[in-house]
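Please open the structure in a viewer and follow the stops below in turn. Each stop names what to select and then describes what is there.

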Amino acid sequence: MEWQARPYPMDVFPSLVAQINALITADRFIAPALVHEEVKIVGTAELIKWADENENIFVPTAEVLSEALSIQNQFTGLRDPKAEYEEADAYVIALARLRGGIVVTQETPAAEKRNPKRTHFIPDVCRELGIPSISLLGLMRRERWTF
Amino acid sequence: MPPSGTIPVNPSLLVWAREESGYGLERVAKRLQVKEERVEAWEKGERQPTFRQVEELAKFLHRPLSVFFLSRPPQLPPLAAEYRRLPGVEPGHESPELRLALRQMLNRRENALNLMEELGEPIPEFSLRAHLNESPVEVGRQMREATGIDSMTQLDWSNEWPAWSAWRAAVEQLGVLVFQFPKVTLEETRGLALLRMPLPVIAINGKEMPAAKAYTIFHELVHLMLAAANEEMPALRERRSSVEWGKVERFAEAAASHALVPETALRTIIRNQGLSNSTWDIADVRKVARAFKITPLAMATRLRESGFMTWNRYHQWRADWDSFVATLRPRRGGFASPAEKAVSRAGRPFAQLVLEALSANRLTTVDAARYLDLRFEHFETLRNHLRGGPGEAAMDE
């Protein structure tokens, strides 16, 4: 959601959306179902519509749950018992681990935060688990997309 | 192997999550459209729910899904260790709606602190103190002085809406987060204070009328001042008898009343409106209340405080007032945009903090939207709304 909400909104960067859609067609772009839930709650109408149209990219929570719980047990900062909802972070990492994927995230590591409230954010966990993680710009470079 | 579709959750976590949320078995059973006995069997470990049922349960109880798979219940401080003693609310027996509101407000406060630290902003200090051996009139005067709002400004406000916005902004400047919560009945509570320092919280029931909110915010401010001076404890640790607690509440009432309606201004208005010899029927009390933008009931209490009404007259007036109110049509709320509602709920300083952290890339869009309970598509409206200066939207419309 981060990329389309701020740096690359869908109405301004339609060719980026087309490239992402091409990844989807090639079965190279997936996300845990929790991300879909998140989009439905806080996303823009345009993103919700896009997510609904691409429902097949969302992997059911039950398929990733066990791996996500194991990651949360290892990196307890990914689980907040006081929270009102489940954070998708561990599920994104779990999915990448299960499918041998690369995590695309705009989240910054703990070292880039002034006063991190936990020690491990998505890039930190990925680094420790040996899972590649890149930003959206990193994905663009990796795929050699130019605009 | 569990039966097809079921999932092995920790039964003790099912009990924990339900009880922590303040629900009985019947409400959970009704929501999940199963029999009460079925929920009981899950909680005893005799049966297992399906994965979909666990997901539903997590949504209903506002809990992370993974909490049901922990090896033991999380050790969280009781909610009653956070809020001030509330008349009629037994610690640990709050309604599910109040319990959720408390959790949300505690999380919001924590998020505010984290964002301030992340942005390198100083955390404001709440420095007001009150002692029960002080005169409530003097405490009221101190509070009023701290707000920086003089009587002339108050009397010039067009109605109770700008009044409430101004009082709220003034209290927020004292190092207090002012939130509003929805869905809790006024019978359970009109307002409360979270006695955490720094950055304590005053929370106002969104169902309240703006004129009543002004009184409640000062009432809660007195409780914060007393707590800061160690004169009162959170509900869980407050040991006074109800009679003794009643004295604390009366102190807070009197101080709040004097803060909202300073003595000199009250006497001037009464004289100017030709009410010096009034017997204080409903119309006369309403007239003076309108001038100060407070409720007639709060004004009657204030008039009693200053000796304009005897206790007997006050009791009689209250009976008349209750009969009069019963004849009124239920209040209907106005329209507020999602962005206005977010500011109304979380307060302008918190909304500004979230936007600042977002601009500084210290917060993701998802978290920003979650923190404000506002879809990202409304953020531009939110920015415009904040640029417009203090305003106030109805909460429970």
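Begin in chain A by selecting Gly100(A), which comes just after H6(A) and takes a positive phi of about 65 degrees. The model is a predicted one, and the angles and distances in this tour are computed from it.

**The helix before the glycine**

Extend the selection backwards to helix H6 of chain A, residues 89-99. Most of this helix is covered, with eight of its 11 residues buried. Colour the buried ones: Asp89(A), Ala90(A), Tyr91(A), Val92(A), Ile93(A), Ala94(A), Leu95(A) and Ala96(A). What do the buried residues of H6(A) pack against? Their partners in chain A are the strands E1 (31-32), E2 (58-59) and E3 (103-104), together with H3, H5 and helix H7 (122-129).

**Where the two chains meet**

Now display both chains. In the contact between them, 26 residues of chain A meet 25 residues of chain B. On the chain A side, the elements that contribute two or more residues are helix H1 (2-5), helix H3 (33-42) and helix H5 (61-74). H5(A) supplies the largest share, three residues. If this side of chain A is coloured by residue class, nine residues appear as nonpolar, five as polar and 12 as charged.

**The sheet of chain B**

Move to chain B and select its strands E1, E2 and E3. They form an open sheet of three strands in the order E1-E3-E2, with mixed pairing. The edge strands are E1 (177-181) and E2 of chain B, each of which pairs on one side only. From one strand to the next, the twist averages 20 degrees.

Take the pairings one at a time. E1(B) and E3(B) run parallel and are paired over five bridges; to see one of the partnerships, select Leu177(B) and Val201(B) in E3(B). By contrast, E2(B) and strand E3 (residues 201-205) of chain B are antiparallel and are joined by four bridges. Here Leu192(B) stands opposite Ala203(B) of E3(B).

Next, show the side chains of strand E2 (residues 191-194) of chain B. In a regular strand the side chains alternate between the two faces of the sheet. In this strand, Gly191(B) and Ala193(B) point one way, while Leu192(B) and Leu194(B) point the other way, and all are buried.

**The loop of the hairpin**

Select the loop that links E2(B) to E3(B); the hairpin has six residues between the strands. Which kind of peptide bond joins Met197(B) and Pro198(B)? The bond is cis, with omega about -5 degrees, and Pro198(B) belongs to this loop between E2 and E3 of chain B. Leu199(B) is in the loop as well. Although Leu199(B) is not a glycine, its phi is positive, at about 60 degrees. Leu199(B) counts as partly exposed because 19 C-beta neighbours lie inside 10 Å, whereas a buried residue would need 20 or more.

**Two helix pairs in chain B**

Select helix H10 (residues 242-260) and helix H13 (residues 296-305) of chain B. They pack at an angle of about 95 degrees, and their axes are 10 Å apart. H10(B) is therefore roughly perpendicular to H13(B). Show Glu253(B), Ala254(B) and Ser257(B) on H10(B), then Ala298(B), Thr301(B), Arg302(B) and Glu305(B) on H13(B), since these residues make the contact. By class they divide into two nonpolar, two polar and three charged.

For the second pair, choose helix H16 (residues 348-359) and helix H18 (residues 379-387) of chain B, which pack at an angle of about 130 degrees with their axes 11 Å apart. That angle makes H16(B) oblique to H18(B). The crossing of H16(B) past H18(B) is left-handed. H16(B) contributes Arg348(B), Ala351(B), Gln352(B) and Leu355(B) to the contact, and H18(B) contributes Leu382(B), Arg383(B) and Leu386(B). Of these residues, four are nonpolar, one is polar and two are charged.

**Two single residues to finish**

Select Asp373(B), in the loop between helix H17 (365-372) and H18 of chain B. Its phi is near 50 degrees, a positive value in a residue other than glycine. Asp373(B) counts as partly exposed, with 16 C-beta neighbours inside 10 Å.

Finally, select Glu55(B), which is in helix H4 (residues 51-61) of chain B. Is Glu55(B) buried or partly exposed? Glu55(B) is partly exposed, with 19 other C-beta atoms within 10 Å. To end the tour, draw a distance from Glu55(B) to Glu97(B): they are 42 residues apart in sequence and 20 Å apart in space, C-alpha to C-alpha.

How values were computed:
Residues are numbered from 1 along each chain as its sequence is written. Chains are lettered from A and ligands numbered from 1 in the order in which they are written. This is a predicted model: local features need pLDDT of at least 70, side-chain atom pairs count only at pLDDT 80 or more; totals for chains, interfaces and linings use all residues. Two residues are in contact if their C-beta atoms, placed from the backbone, lie within 7 Å. Ala, Val, Leu, Ile, Met, Phe, Trp, Tyr, Cys and Pro count as nonpolar, Asp, Glu, Lys and Arg as charged, and the others, Gly among them, as polar. A residue is buried if 20 or more other C-beta atoms lie within 10 Å of its own, exposed if 12 or fewer, and partly exposed in between; C-beta atoms are placed from the backbone. Two strands pair if DSSP finds at least two bridges between them. Axes are lines fitted to C-alpha atoms, for helices over the stretch in contact, and angles run from 0 to 180 degrees between N-to-C directions. Angles under 35 degrees count as roughly parallel, over 145 as roughly antiparallel, 65 to 115 as roughly perpendicular and the rest as oblique. A crossing is left-handed if the near helix is turned anticlockwise from the far one by less than a right angle, and right-handed if clockwise.
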